[in-house]
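Here is a quick tour of a protein model for anyone just starting out with structures. Keep the 3D view open and click along as you read.

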Amino acid sequence: MANFDSLPPELIIHLFKYLSSDDRKIASEVCHYWHDIWMEGAFDGDRTLKFYCCELNENTEPGSVLLNTDRKYKKIVFGANVKFYDDCVKLSNALEDIKTIEFQSFFDYKQFFSKTMNFIGLFKELKELTFNIETWSHEMNEFGNLPDSIQVFTLSLLNRLYFKDTLDNFKSIIWQLPNLKELNLECQLLTDDLFEFIITSPLPYLTKLKLTIDSNCIELLKNLKLSNLVELFLVIEDPTCIRKLDEIIPNFPKLKIVKLHTFKLMPTTTHAHLIKYLKVTDINCGMDYIKPLQYLTELEELDLMYYFKSVAQGSCFFAHDLYLNPNLKRLQLTGFNNNDLISLMCFENLVKSFPNLESLIMDMPLSSQHLQMIHQNFTKLKSLDIRNTDVDSKYIPPFQYLSTLTALRLDQYVISNQALTEWPEMPHLRVLTMKLDHEYSLECFRKMIQNVRGLEKLTFDYNSSIDDDLIKVIAENLKRLKEIEVTNKQKTKYLSGNAIILLLTNCKYMQRISFPLKEVIKTYYTNM
């Protein structure tokens, strides 16, 4: 009888596409054939190197390990506390397939700027480069080493104010890229200097732009004409500016995506079909404030932070109306300052409005009836995050309604022994945040953990106590675990280094043990 490996590679590639990136990485270790499948170009995005808190040279890890690997990586991400050294030529040759480099906002440019630029210059086939910059100094002006091959350049200026000479330095970077095809800019408040910087940059390549605007700079934006802009993200601090959208959007004839962060009011515009993302801060409850949703039928992400003047308002937050939108994938509702259960009629209209929702984030208590509505209507839901509430144990949700989730946050529910015992099999669950009862049974916890063997990240709430026995259960059952977090150091005082060593030994995919578990390891080795 034919086995899986006898299938044509094209079919296996197609099947691999149904797996998550992390699942494909694990599958690639099954055999050489599956590894070869994973190395196909269709999965280039899976192979990303991320560097944090390390020294990058050819004589020590991780550089020395990468010199001897046969895996091909396409992207590098640099985070905090990464130090570069001069001897990286061989390392860059070993990573010759790298096409994308990204520097995150907490990367320290100033301390190692010249060596950072030299390292980037070694990648002569680099196609995409991203800088997220919070601080800048006059010493950081040497950009001659940037590869000519760069085609996509993303520059995020994360401070509110940059001086003109600094912006001129950034502009010189952009003009030094002869093969540039796509320019993405993220800026803070639109000032006169920033406006000049934008209009004197190579505008034909500017395809994505993110700006913060208020009433003082709305006229500048109305005069900004970008013929090839595809995506526009506006943070509108003054509610009166929302009405100006119809005067701004026609300046960008190729615009396909509009993302908005507004305050107090939802947008009303004749270009509502372009709005894909909307965040509204301090929105009031009531039909007049929510009604514009009926026109935002192409919206894919919605984030509403409510401002309630009374408990009664919080119980009825969706105006008892139906706003059908089959395109919405992510919904976040926060700002509920009370623990009263919300109106069932209101919640029912919510779940029926967004039948294809994949991610739901709420900071309100949900009863069994609410969760049953989620189960019946959100058939494609993958992530459920219920936060910032103080719920009695009688409201612990019926977990049978949550068996298809990949991410679940329930740290405000005290998970009782009965709930642990009744926990269903959740084979797709990868991320879990939970709060254990103070008198939880280890055997009940073991039974629950055996039903979520696919977990990759496990977080315990501030009030959950962690000891060696609990860590041992985790180590014995969660072989795929990559990250474990405990938010309260005091709750790990009975935890020994031996338990941590067992965790690292059994969970070979463990990438990071976050504070305070990291301190436990440090203490253990100090006393050896």
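**A briefing on this chain**

Let's start in a loop: Lys-264 sits between strand β11 (257–263) and strand β12 (275–284). Its phi is near 75°, a positive value in a residue other than glycine. Keep in mind that you're looking at a predicted model. The chain has 19 helices and 21 strands, and the points below pick out a few spots among them.

**The whole chain**
- The chain is 528 residues long, and 52% of those residues are buried.
- About 25,000 Å² of the chain is exposed, with carbon and sulfur atoms supplying 49% of that area.
- Take the contacts between residues at least 6 apart in sequence: 67% of them join residues at least 24 apart.

**Backbone oddities**
- A bit of background: most residues other than glycine have a negative phi, and most peptide bonds are trans.
- Back to Lys-264 for a moment: is it buried, exposed or partly exposed? Lys-264 counts as partly exposed because its relative accessibility is 44%, and the range for that label runs from 20% to 50%.
- Cys-53 also has a positive phi, near 50°.
- You'll find Cys-53 in the loop between β1 (48–51) and β2.
- With a relative accessible area of 56%, Cys-53 is exposed.
- The peptide bond that runs from Glu-61 to Pro-62 is cis, and its omega is near 5°.
- Pro-62 belongs to the loop between β2 and α4 (63–66).

**Strand β6 and its partners**
- Strand β6 covers residues 128–133, and 5 of its 6 residues are buried.
- On one pairing, β6 runs parallel to strand β5 (residues 100–103), with 4 bridges joining them.
- To see that pairing up close, look at Glu-102, whose bridge partner in β6 is Thr-130.
- β6 also runs parallel to strand β7 (residues 152–157), this time joined by 6 bridges.
- Here you can look at Glu-128, which stands opposite Val-152 in β7.

**Helix α6**
- Which residues of helix α6 (residues 113–121) are buried? They are Phe-113, Thr-116, Met-117, Phe-119, Ile-120 and Gly-121.
- β5 and β6 turn up again here, as part of what covers the buried residues of α6.
- That cover also includes β2 (54–56), β3 (75–78), β4 (82–84) and α5 (89–94).

**The nonpolar cores**
- In soluble globular proteins, nonpolar side chains tend to be buried together.
- The largest nonpolar core here has 146 residues, and Phe-78, Phe-445, Phe-460 and Ile-474 touch the most other members.
- Helix α17 (residues 468–477) gives the most to this core, with 5 residues.
- Domain 2 (48–206) and domain 3 (407–527) each put at least three residues into this core.
- There's also a second, separate core of 9 residues, and Ile-12, Ile-13, Ile-37 and Trp-38 are among them.

**Helix α17 and its surroundings**
- Leu-470, Ile-471, Val-473, Ile-474, Ala-475 and Asn-477 are the buried residues of α17.
- Those buried residues pack against β18 (431–436), α16 (442–449), β19 (457–460), β20 (483–486) and α18 (497–506).
- Leaving out residues up to four places away in sequence, Ile-474 touches Phe-445, Leu-458, Phe-460, Leu-481, Ile-484 and Leu-503.
- At the N-terminal end of α17, Asp-467 acts as a cap: one of its side-chain oxygens lies 3.3 Å from the backbone nitrogen of Asp-469.

**Two loop residues to look up**
- Cys-507 is in the loop between α18 and β21 (512–513).
- Why does Cys-507 count as buried? Its relative accessibility is 1%, and anything under 20% gets that label.
- Not counting residues up to four places away in sequence, Cys-507 touches Ala-475, Leu-478, Lys-479 and Leu-481.
- Cys-507 and Arg-480 are 27 residues apart along the chain, but their C-alpha atoms are separated by 6.1 Å.
- Leu-324 is in the loop between α12 (311–315) and β14 (330–334).
- Leu-324 is exposed, with a relative accessible area of 54%.
- Even so, Leu-324 is in contact with Thr-297, Lys-352, Ser-353 and Pro-355, setting aside neighbours within four places in sequence.
- The C-alpha atoms of Leu-324 and Phe-354 are 6.1 Å apart, although 30 residues separate them along the chain.

Note on methods:
Residues are numbered from 1 along each chain as its sequence is written. This is a predicted model: local features need pLDDT of at least 70, side-chain atom pairs count only at pLDDT 80 or more; totals for chains, interfaces and linings use all residues. Side-chain values use heavy atoms; hydrogens and water are left out. Buried means under 20% relative accessible area, exposed over 50%, partly exposed in between (1.4 Å probe, protein chains only). Two strands pair if DSSP finds at least two bridges between them. A nonpolar core is a set of buried Ala, Val, Leu, Ile, Met, Phe, Trp, Tyr and Cys residues joined through side-chain atoms within 4.5 Å. Domain bounds come from an automatic or database domain assignment. Contact means heavy atoms within 4.5 Å. Accessible areas come from the Shrake-Rupley method with a 1.4 Å probe; for residues, only the protein chains shown count as cover. A polar contact is a pair of N or O atoms within 3.5 Å; within protein, one must be able to donate a hydrogen and the other to accept it, and residues adjacent in sequence count only if both atoms are side-chain atoms.
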